[in-house]
Amino acid sequence: MTTSNPAPILDVSKIRADFPVLHQKVNGKPLVYMDTGATSQKPQSVIDALVRYYTEDNSNVHRGVHTLSQRATEEYDTARSKTRQFLNAASDQEIIFVKGTTDGINLVAHSYGRQHLGPGDEIIISTMEHHSNIIPWQVLCQEKAAHLRIIPINDAGELLIDEYERLLTPRTKLVSITHVSNVLGTINPIEQIVEMAHSRGVPVLVDGAQAAPHMAVDVQKLGCDFYVFSGHKLYGPTGIGVLYGKFDLLEAMPPYQLGSDMIKSVTFESTIYNDLPYKFEAGTPHIAGVIGLGAAIDYVSDIGMDCIDTYEHGLLEYGMECLSSIGGVQIIGTASEKSAILSFVMDGIHPHDIGTILDTEGIAIRTGHHCAQPLMDRFGVPATARASLAFYNTREEIDVLVKGIDRVLEVFS
Ligand code: 7TS
């Protein structure tokens, strides 16, 4: 396959210069990092923001009159406003800082879920969910004698919307669905899913872990009630993430964790909880992480999420074309609306062997069940090899991946 680059949407070599980790050799070959779905690499501006915070402003937030604490608090609060803008939420009070996507979903399951679910009630998820969007609901349903209902998918990896319609009943208390599948790359029709749920008075949580880093997300346009994502997949630090929730819903929810910062006043008899968003941010938060996330949001916003989306879509089309032309390679996930994730299996070759051989070529992909075992069962495979792309990847790197796959075929021939 020849590489014919169309007019560049963004200056990839300039972007790559911003990511120090990309400029190294692995096993004697230039690193080709295609595991952004697991975690993204960090631009220098994010690394600098972390170092600068710890070097100049390190202090606790929301509790000091001294200058450093005020500076840290201002930076922390500014990052919340940046996040609100990034998601187009209506207010900063709707932005809760959490540890990551997993933590955000657990918060909603513990707080909203425990408050609203009763015996015989139902929660709808889909076949393509990450374990983080299965287990919190499964355990909640077990506790409450409620039931988990699963939207099936077709062989391309698309939700069967008619089946979803059938699953929505007066017993449905929540729909929790991924925006983009971490294995298939499928982009789900969230607006439609939300509309169908809302017409029956059912709220919707969207797992945006694989969407927020790759496309513009407007929570008001999507109409969803909750939206969660992880900072580390958005070119920011690990240990920080975001839960967006509609004000009225969050306001009516009990706190998830209890302790400092989430209170207005405490006596031994009772506690008055703090206002949003602090009611859900007990304890000293990940201040550096929040500031780093703010820097990451600045970085992608400067490039433009639509620009990132368009560029990555071009990479995806090229990658799909290249991989589907290799004999013995089967792509898992061929939805018409798809993000830049390429999962594949190879006849008679275990995905771990694919990953190990590609690593010797300097290519980093993820192999395994990708924390989506029910989805693996749906496709009848124990695991896949997955190349997940970002705007710092290039068509030339996809060519290297193709050569690497040829090498795998050679080894097993
Ligand atoms: N939801 C989806 C759709 C994900 O892809 C992931 C992580 C999570 C939730 C959990 O995010 P966390 O930041 O709380 O861990 N997905 C992956 C992956 O695909 N490979 O490694 C982690």
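Q: In this predicted model, how many residues apart in sequence are the parts tied together by the salt bridge between D57 and R71?
A: The side chains of D57 and R71 meet in a salt bridge, with N and O 2.5 Å apart. D57 belongs to helix α2, which spans residues 44-57, while R71 belongs to helix α3, residues 67-87. The pair therefore ties together parts whose separation in sequence is 14 residues.

Q: Is D57 buried or exposed?
A: Its partner R71 has a relative accessible area of 36%, so R71 is partly exposed. A residue counts as buried when its relative accessible area is under 20%. D57 has a relative accessibility of 3%, so D57 is buried.

Q: Which helix holds the salt-bridge partner of K82?
A: K82 forms a salt bridge with D298, at 2.7 Å from N to O. K82 sits in helix α3 and D298 in residues 287-303, so this pair links parts 216 residues apart in sequence; the helix holding D298 is α10.

Q: Are K82 and D298 buried, partly exposed or exposed?
A: The class between buried and exposed runs from 20% to 50% relative accessible area. K82 has a relative accessible area of 24%, so K82 falls in that class. D298 comes to 31%, so D298 too is partly exposed.

Q: About how many helical turns separate R407 and E410?
A: R407 and E410 form a salt bridge whose closest N and O atoms are 3.0 Å apart. Both lie in helix α14, residues 395-411, three residues apart. Their separation is therefore about one helical turn.

Q: Which residues do salt bridges with shared partners join into one network?
A: R407, from the pair just described, is partly exposed at 35% relative accessible area. The network is formed by salt bridges that share partners, and it joins R52, E56, D57, R71 and E75. The whole structure holds 21 salt bridges, and one residue of this network, already met above, is D57.

Q: How does the radius of gyration of the protein compare with the globule rule, and what is its value?
A: The protein has 14 helices and 17 strands. For 413 residues the globule rule gives 22 Å, and the protein comes close to that, so it is as compact as a globular protein of that length. The radius of gyration is 22 Å.

Q: What share of the residues in the protein is buried?
A: The C-alpha atoms fill a box of roughly 75 × 55 × 35 Å along the principal axes. The protein exposes about 16900 Å², and carbon and sulfur atoms supply 52% of that area. Of the 413 residues, the buried share is 55%.

Q: How far apart are the centres of the positive and negative side chains?
A: The protein has 31 positive and 50 negative side chains. Each set has its own centre, and the distance between these two centres is 3 Å.

Q: What is notable about the phi of D261, and what is its value?
A: D261 is found in the loop between α9 (247-252) and β11 (263-266). Most residues other than glycine have a negative phi. D261 is not a glycine, yet its phi is positive, near 75°.

Q: Which residues does D261 touch, leaving out those up to four places away in sequence?
A: D261 has a relative accessible area of 15%, so D261 is buried. With residues up to four places away left out, D261 touches H62, R63, N274, Y278, E281 and G283.

Q: Which elements do the buried residues of helix α12 pack against?
A: Helix α12 spans residues 351-360, and its buried residues are P351, I354, G355, I357 and L358. Just after α12, G362 takes a positive phi of about 85°. The buried residues of α12 pack against β14 (341-346), β15 (363-364), β16 (366-368), β17 (384-388) and α14.

Q: Is the peptide bond from L276 to P277 cis or trans?
A: P277 is found in the loop between β12 (271-273) and α10. Most peptide bonds are trans. The bond from L276 to P277 has omega near 0° and is cis.

Q: What is the phi of C371?
A: C371 lies in the loop between β16 and α13 (373-379). C371 has a relative accessible area of 22%, so C371 is partly exposed. Although C371 is not a glycine, its phi is positive, at about 55°.

Conventions
Residues numbered from 1 in each chain as written. Predicted model: local features only at pLDDT ≥ 70, side-chain atom pairs only at ≥ 80, totals over all residues. Heavy atoms only, no water. Helix = DSSP H or I, 4+ residues; strand = E, 2+ residues; numbered from the N terminus. Rg over C-alpha atoms; globule rule 2.2 N^0.38 Å. Buried < 20%, exposed > 50% of the residue type's maximum accessible area, 1.4 Å probe, protein only. Areas by Shrake-Rupley, 256 points an atom, 1.4 Å probe, with all protein chains shown as cover. Lys, Arg positive; Asp, Glu negative; His and termini not counted. Charge placed at Lys NZ, Arg CZ, Asp CG, Glu CD. Salt bridge = Lys/Arg side-chain N within 4 Å of Asp/Glu carboxyl O. Contact = heavy atoms within 4.5 Å.
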